[in-house]
2 protein chains.
Amino acid sequence: MSESTEEPGPHEPSLDEQIAAYQREFRDLDPQVEQVVSALGRLNRRMNVAYGRQVAALGISNAEWEVLKTLVLSGAPYRLGPGELAKRLGLTPAAMTHRVDRMAAEGLVTRDRDENNRVRVIVELTDVGRTKWLEAMRMASDFEEDLLQDLSGDERGVLGELLVRLLRRVEHAQPDAGGRLTDLD
Amino acid sequence: MSESTEEPGPHEPSLDEQIAAYQREFRDLDPQVEQVVSALGRLNRRMNVAYGRQVAALGISNAEWEVLKTLVLSGAPYRLGPGELAKRLGLTPAAMTHRVDRMAAEGLVTRDRDENNRVRVIVELTDVGRTKWLEAMRMASDFEEDLLQDLSGDERGVLGELLVRLLRRVEHAQPDAGGRLTDLD
DNA sequence: CCTTCTAAGTTTAGTGCTAAAGTCTTCGAG
DNA sequence: CTCGAAGACTTTAGCACTAAACTTAGAAGG
């Protein structure tokens, strides 16, 4: 193959190239908005890959780590029902049944019927699970500190505050204010 | 059931409650870092749900929309191989084979062998696909504008710039600088 | 009581993904 | 020229998820 133009082979666009390309194809695009949204999306994808690798080193999956986090967040004695777990993680109850199966088999949680209301099930963090969570948390917080390394304290504060404002807008969208953000849950 | 303490039923923690709970369980946590990271994660989850609903109204899935976006980003004549698509979307080539099957059946793309190199396949956007992309893009950019409604132009600029700096840190991590961010691709 | 209703989980069928093995084309070396 | 190796998909087996049907326990009414 000796073409004069040696097939360059397409390359993954940088963020700036991406925004420029979208503007070519779609005039009405606000580049400032697109920068925020695209950077958010890319950042999150990269971070999730990184988290996955970190917790994999501890022998758990990202999915399992999410469950551990949710149980710890509920506070001692670290108990929640499968339905509640499913709701908080955005899964169906059916999926949580199987996740809890796997995690119980690995000893990260126990699964028992509630004695006071025998239709309910209680998923409870074991000591092993709590230790795994702690190890994962240490790795995650090191990673996060590293991620924000280039930002000053002031910048971190500003970034956090701006993100929280976006989050508020998306969480309790006020439809009466003409907002287009309908219920998201 | 007339217990004195009417089983409150656990509730989904707000962002502030979440950070406070983590601090109780894990002393070394920097709340400022955690605010940024947790807000990022929540925001992204909500946004993905919202995007999914929007494009579902157009009769396509979030997965299909991602493929349409990638093809449009590649510029005219909107052609890429399944392998390249898979790499950019973080999927295996096998998954892309099936996605392209479905999208070709719906008329969003065509799939043909490259005549110059018959081991290669070319996925090309159809006019129908391009139109779908445009419709989805209009909905998405309206949604994004709405999301950023509460931020001034200056604030949008600052937010974009800060996010881009984080993205740079995570994309070309400089391991020689003592960074802990190892290769993420 | 005995039925009906509702809530909480589980089970089943089907979809979309990954990992690994397989196919087919092209390239390079003897 | 022929064989072997590499590259670019596709196929297969298995897993995790969703939607919808099913099971069972407790609550409400007649």
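This is a short tour of a predicted model with two protein chains, A and B, and two DNA strands, C and D.

**Stop 1: the two protein chains**

Select chains A and B. Chain B puts 79 residues in contact with 79 residues of chain A. Between them the chains bury about 7900 Å², and 63% of that area is on carbon and sulfur atoms. Now pick out B:Glu25, B:Arg46 and B:Leu73. In chain B these three lose the most area to chain A, together 9% of what that side buries.

**Stop 2: the symmetry**

Keep both chains on screen. Chain B superposes on chain A by a rotation of 180°, with 0.0 Å of shift along the axis and an RMSD of 0.1 Å. The two copies are thus related as by a two-fold rotation axis. Where does chain B come closest to the rotation axis? Select B:Leu159, whose C-alpha is 3.2 Å from the axis. Of the interface residues of chain B, 100% are also interface residues in chain A, so the copies meet through the same surface.

**Stop 3: across the protein interface**

Show the side chains between the two chains. There are 10 salt bridges between chain B and chain A. One to select is A:Glu155 with B:Arg165, where the closest N and O atoms are 2.9 Å apart. Side chains of opposite charge can pair when their charged atoms come close. Across this interface there are also 22 residue pairs in polar contact, counting residues at pLDDT 80 or more.

Next, color chain B by helix. These helices each supply at least two residues of the side that touches chain A:

- helix 1 (15-25) and helix 2 (31-56)
- helix 3 (62-73) and helix 4 (82-89)
- helix 6 (127-147) and helix 7 (153-171)

Which helix of chain B gives the largest share of that side? Select helix 2, which gives 19 residues. By class, the side of chain B that touches chain A holds 39 nonpolar, 13 polar and 27 charged residues.

**Stop 4: DNA strand D**

Move to strand D. There are 20 residues around it, and A:Thr92, A:Arg99, A:Arg102, B:Ala94 and B:Thr97 come nearest. Sugar and phosphate make up 79% of the atoms of strand D that come within 4 Å of the protein.

Zoom in on three phosphate contacts:

- Select A:Arg118. One of its backbone N or O atoms lies 3.0 Å from a phosphate oxygen of strand D.
- Select B:Thr97. A polar side-chain atom of B:Thr97 is 2.8 Å from a phosphate oxygen of strand D.
- Select B:Arg111. An N or O atom in its side chain is 3.1 Å from a phosphate oxygen of strand D.

Now add the helices. Helix 5 (93-105) of chain A, and helix 4 and helix 5 (93-105) of chain B, give two or more residues to the surface near strand D. That surface divides into 9 nonpolar, 6 polar and 5 charged residues.

**Stop 5: DNA strand C**

Switch to strand C. Which residues come nearest, of the 21 around this strand? Select A:Ala94, A:Thr97, B:Thr92, B:Arg99 and B:Arg118. Sugar and phosphate account for 76% of the strand C atoms that come within 4 Å of the protein.

Three more phosphate contacts are here:

- Select A:Arg120. A polar side-chain atom of A:Arg120 is 3.5 Å from a phosphate oxygen of strand C.
- Select A:Val121. A polar backbone atom of A:Val121 lies 3.3 Å from a phosphate oxygen of strand C.
- Select B:Arg118. A backbone N or O atom of B:Arg118 is 3.0 Å from a phosphate oxygen of strand C.

Helix 4 (82-89) and helix 5 of chain A, with helix 5 of chain B, each supply at least two residues of the surface near strand C. By class, this surface has 9 nonpolar, 7 polar and 5 charged residues.

**Stop 6: inside the chains**

Over all chains, the structure holds 26 salt bridges. Select A:Glu124 and A:Arg79, whose side chains meet in one of them, at 2.8 Å from N to O. A:Glu124 lies in strand 3 (residues 121-125) of chain A and A:Arg79 in strand 1 (residues 79-80) of chain A, so the pair ties together parts that are 45 residues apart in sequence.

Step to A:Pro77, in the loop between helix 3 (62-73) and strand 1 of chain A. The peptide bond from A:Ala76 to A:Pro77 is cis, with omega near 5°. In chain B, select B:Pro77, in the loop between helix 3 and strand 1 (79-80). The bond from B:Ala76 to B:Pro77 is cis, with omega near 0°.

End at A:Tyr78, found in the loop between helix 3 and strand 1 of chain A. A:Tyr78 is not a glycine, yet has a positive phi of about 60°.

Notes: Residues numbered from 1 in each chain as written. Chains lettered and ligands numbered in written order. Predicted model: local features only at pLDDT ≥ 70, side-chain atom pairs only at ≥ 80, totals over all residues. Heavy atoms only, no water. Contact = heavy atoms within 4.5 Å. Buried area = accessible area lost by both parts, 1.4 Å probe. Salt bridge = Lys/Arg side-chain N within 4 Å of Asp/Glu carboxyl O. Polar contact = N/O pair within 3.5 Å; in protein donor to acceptor, adjacent residues only side chain to side chain. Helix = DSSP H or I, 4+ residues; strand = E, 2+ residues; numbered from the N terminus. Nonpolar A, V, L, I, M, F, W, Y, C, P; charged D, E, K, R; others polar. Least-squares fit on C-alpha atoms with pLDDT ≥ 70 in both. Near = heavy atom within 4 Å.
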